[in-house]
Every structure is written in C-alpha cells, then in structure tokens.
Amino acid sequence: MTSNSQLDATPTSQPGSPSGETVPAANRPAHAGARASWRRLYARRLWASDLFILVWAVYGTQLLWFGFGNAQVAIREDSRLSEVSYWAFSAGLVIAWMWALTLVDSRDHRVIGSGNAEYVRIARASLGLFGAIAILAFLLRVDVARGYLLIALPLGITMLLAERWLWRQWLIAYRAVGEYSARVLLVGSEESVAQIARELRRAPSAGYAVVAACIPAGVAGQVVAGTTIPVVGNVDAVESALAATGADTVAITSTDDLPPARVKRISWAMEPGVQHLVLAPNIVDIAGPRIHTRPVSGLPLIHVETPRFTVGQRVGKRAFDISSSLGLLVVLSPLLLAVAIAVRTTSPGPILFAHERIGLRGRPFRMLKFRSMRQGADAELATLLAAQGTSDTPLFKVADDPRITRVGRFIRRYSLDELPQLFNVLGGSMSIVGPRPQISAEVSLYTDAARRRLLAKPGMTGLWQVSGRSALDWDDAVRLDLYYVENWSFLSDMAILLKTVKAVMVPGDSAR
C-alpha cells in the first residue's frame, strides 16, 4: 500500500547502455530534479509514439477503406451538421483518442514498467471512446462507415499495446542494472526489512532498488542480517538517511518502533511530488484484486478477501478446458501420431505411460504421458534419488537421468511428452492451467501450506513451468503454485498460456 498507489519509477542517471554499466545506479545518489525530469521525458516519449501509432492506424484504415479520394461522412438530411471529410474526421479521431489516453493516466509513472494496469487503461479508454462515438453518431444522425470503425478500433488497440510492450522491454533492460528505479530506504524491524527486500529483489522490472535501511538498533556501518543492505542509522534518523543516500522513497516495513505521529512527521518532511512514503505490510503473494483499502475514522484498513471461485468462474474454466483440449487434439493429431510412432519404434515398451498422480482435493488419478523412459524406470527412482541425496525433498527430479531414452530426451525438452494429458483435461481430472500434479510420495511430504495446492485441479502447464521449470527449487515451486491457487483469474491463465508457448518454442536449459 502506498500513499501514491505505487512506488515511483525514477532514474538515477542519464540514459546509457545497460551493458556498459559498471557501477549499479542504485548505489549512486541522484538529483531529485533529474529524476523528476526523467519521468516527464519518458511520458513525452510515450506520447510521441502513441501519436505515431494512432496516425498510422487511423489514416491507414481510412486509406484501406476509402482509398485516396475525398470521401465524406454520410449525414442525414434532417441533421444540422454540414458535410465532413474523412480526412478531417480521422484527424479528430486521433486527437480524441490521444485525449482519452491522457484522461485515464495511461502514461503515468505509477503504472508503467510492471503489472497490467497500463494495458487495461489503454483498452478501457479506447473502447470508451468508440462507444461514445457510436452514441454521438446516433444522436446527431451521422452515419460513420462501420467497416472503418471496426478496423480502426482493434488495429489501434493492438498496435498501442505492442508499442507499450516494446517500451516496457526497453525500461526493464535498464532497470535490470538499477537505472530508472525508485531508490528505496527501508524502515522497520530487521526481520521485516530483510523480508521486504527479498520480495522486491524478485522483481527488478518493477523498479524498486533498495539502497539502505534504518532499523531500531541500527548503527551506521552495519548490514541487515542475511542481506547486503547497508544500515545507515536507527528509525529516528530517517530524514538524515534520505539526504545521505539520495533515496526518493521511504518504505516502512513495520511500525512496532514507529508510532503514528512519527510516521506523519516523516511524511511531512518529504519533498512533495519527488519523495514518497510507502507502507509495506508483511503480506506477500497476494494479488491486487484481493486487496481493498477502506478508510475508517482515519485508519487505512487493508481488507484481504478470502480466495474463492464463483460458480461462473468454475463453469467458465471448465468450458475453456473442454473447448481447448478438443481443438488442440484435432489440430495436433498428426504430431501426436508422429510422436507415438517415434516412441514405439525406438525403444521397447508401451507408447503411453499412465502414472498415478494426486489431483483436486487429494483425489488420485492416472495421468497420461508419452513414454520417455525405458521400461522399469519406476523401480529405479528410489535408488537414484538416494544416490543424489534428494529422496526427502518433495520434488522428485533426477539430475542427468539415465533412464530417459534418446527420443524421450527430445520430446521432454519440447514438452511433447505432455500432449496426451489433453485427454485428462477432456475427462476432467486435469485443467489446461493449474499447479503441477505430483505423486503420492511427494504429497506425503507436504506442509500444511503446500497442501493448499490441492485446492485447484492440476494443470498441463502452470506458473512454475513458465517461471523456471526444473531450475526451481521446491520452496519456489510451492510459492508460485500457491500464488496461482489463491489469486486465480482468467487473465492470469491467458498470460501463463502465452508464456508457455514461448517456453516450449525456446525451452532453454531448465527444460528436461
């Protein structure tokens, strides 16, 4: 929770090549005016590129639909308006579209860089504008060519989203080396400071660069235990720490040693519009839609809604699973046949391997895969796990597994061995997207927190698969799956599917 809805994304030096950076920008003080000017400069860049995109989309649609002639907007006889050329109408549409994007703050520094708020605002403003045009055209008895509008709207939205995505990749590249990031001073207990610092470090693309900390018994020259964050004083030295570190954001991680009056004084001492106060409660892995801030008698109460699936959500997810699995089975049937022939002709044994996994609410089911190992591989698992010392870890992976066949190694790398699970999805024991299904021996080692993974159907793909696959350790896999289970949405499923396509096409070293 922040006093300005999100941490500022501010630079700490002038633009340069990320690859040529030698000193992390987060460790260098930066002038507040320079940071503020960067935000304005970035907004101007977005404004210019938005204008270019909209001119291209709107006038390109006009030329496609009407050619180079001087087509006129059709106006009924009883209308008070005079004839309007489509050249002028297109200019007005571009201006109105740019104005709509400005009204929803789609270029605000609080929404750029991470999250989907920037994209949602663009789509909302665009759809609202075209809805308003349709209403005005009806009221003023103006007939605007439907084909012109039906092409310009989706084309403009698509290209705007693509343009913003490219700008975001540019920004992420610089933020990876500490550029264009808020310089954060953490204030609170040593434990809470370390926890918040770890969470911020997980997402450098969000633009949060922790530069120092103030802890209750802090003395300059110390570091926060378990981190490399320097301590610049105790919790009463926040104002001087801001000046010493060049931080532009104070994030209060706990208030045990900071009474409300002290927090107020910290906020009053900050430079308006340049320095910002952030309250960072120790609530992690909770998505935005579940968090609501409701002021009651001057208290900013944070409500965290209980995760639940409505009937409509369950029906919609199941309908998506059925239609997707049927469509993919039809489209991929030649590939399924080719893999089946390769498995059958290159090693003895069955084509499919049915393995018992634990599914929704702990119910076992038989998960189908193309066989990628030699016969009798199950009997060798315990010996191999014991040999590498991971038999007590609930993520049974064997490094350089000798049981995998030559064809098996290929189909595993590109996830082709998982395709028969489309039949599991069609039958209802699995979903297209969900937590990784595990065997009963792994489930028996679950903690109470990990057992919450069983509240959702297991999936063919999931958040952990697109976030590192075999390279993740057990704790990270659980964290990602729990985040998915407790914060599920249809949009998150779509995002995971898009990332899955990329992970399958370019598997990298983590796929095995």
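Let's start inside a sheet of this predicted model, where strand 4, covering residues 182-187, pairs with strand 5 in the parallel sense over 6 bridges. Two of the bridge partnerships are handy for finding the register on screen. L185 of strand 4 has A212 as its bridge partner in strand 5, and V184 has V210 as its partner in that strand. Pairing of this kind is a backbone affair: strands of a sheet pair through backbone hydrogen bonds, either parallel or antiparallel.

Now widen the view to the sheet as a whole. It is an open sheet of 4 strands in the order 5-4-6-7, with parallel pairing. At its edges are strand 5 (208-214) and strand 7 (276-279), each of which pairs on one side only. If you follow the sheet across, neighbouring strands are turned by 30° against each other on average, direction ignored.

Is strand 5, with its 7 residues, largely enclosed or left open by the rest of the structure? An edge position might make you wonder, so here is the count. Of the 7 residues in strand 5, 5 are buried, and therefore the strand is largely enclosed by the rest of the structure.

Helices provide part of the surroundings here. Helix 5, residues 190-202, lies across strand 4 and strand 5 and runs at about 155° to strand 4. Helix 6 (residues 238-245) packs on the sheet too, touching strand 4, strand 5 and strand 6 (249-252), and its direction makes about 150° with that of strand 4. Following the chain from strand 4 through helix 5 to strand 5, you trace a right-handed β-α-β unit.

Next, let's move on to the nonpolar cores. The largest of them has 28 residues, and the residues with the most contacts inside it are F370, I411, I432 and Y484. Several elements build it: helix 8 (311-331), helix 9 (333-346), strand 11 (364-370), helix 11 (406-413), helix 12 (421-427), strand 12 (431-433) and helix 14 (474-486) each supply at least two residues. Helix 9 gives the most to this core, with 4 residues. Apart from it lies another core, of 27 residues, among them L93, M98, I133 and L149. As general background, nonpolar side chains tend to be buried together in soluble globular proteins.

I432 is a good place to look around in the largest core. Not counting residues up to four places away in sequence, I432 touches F320, D321, S324, L422, V425, G459, M460, T461 and L497. One of these neighbours, S324, sits in helix 8. S324 counts as buried because its relative accessible area is 18%, and the cut-off for buried is under 20%. S324 and L422 are 98 residues apart in sequence, yet their C-alpha atoms are 8.8 Å apart in space.

Helix 12 also holds N424. Is N424 buried or exposed? With a relative accessible area of 7%, N424 is buried. Its contacts, leaving aside neighbours within four places in sequence, are with F365, R366, M367, L368, S429 and M430.

Two loop residues deserve a look for their backbone angles. D105 has a positive phi of about 55° although it is not a glycine. You will find D105 in the loop between helix 2 (86-103) and helix 3 (117-139), and at 41% relative accessibility it counts as partly exposed. R361 likewise has a positive phi of about 55° without being a glycine. R361 belongs to the loop between strand 10 (352-358) and strand 11, and it is exposed, with a relative accessible area of 59%.

Finally, step back to the whole chain. Its secondary structure comes to 15 helices and 13 strands. Of the 512 residues, 45% count as buried. Among contacts with a separation of 6 or more, 71% are between residues 24 or more positions apart. The chain exposes about 26,100 Å², and carbon and sulfur atoms supply 63% of that area.

Conventions
Residues are numbered from 1 along each chain as its sequence is written. This is a predicted model: local features need pLDDT of at least 70, side-chain atom pairs count only at pLDDT 80 or more; totals for chains, interfaces and linings use all residues. Side-chain values use heavy atoms; hydrogens and water are left out. Two strands pair if DSSP finds at least two bridges between them. Axes are lines fitted to C-alpha atoms, for helices over the stretch in contact, and angles run from 0 to 180 degrees between N-to-C directions. Contact means heavy atoms within 4.5 Å. A nonpolar core is a set of buried Ala, Val, Leu, Ile, Met, Phe, Trp, Tyr and Cys residues joined through side-chain atoms within 4.5 Å. Buried means under 20% relative accessible area, exposed over 50%, partly exposed in between (1.4 Å probe, protein chains only). Accessible areas come from the Shrake-Rupley method with a 1.4 Å probe; for residues, only the protein chains shown count as cover. A crossover is right-handed if, with the strands pointing away from the viewer, the path from the first strand over the helix to the second runs clockwise.
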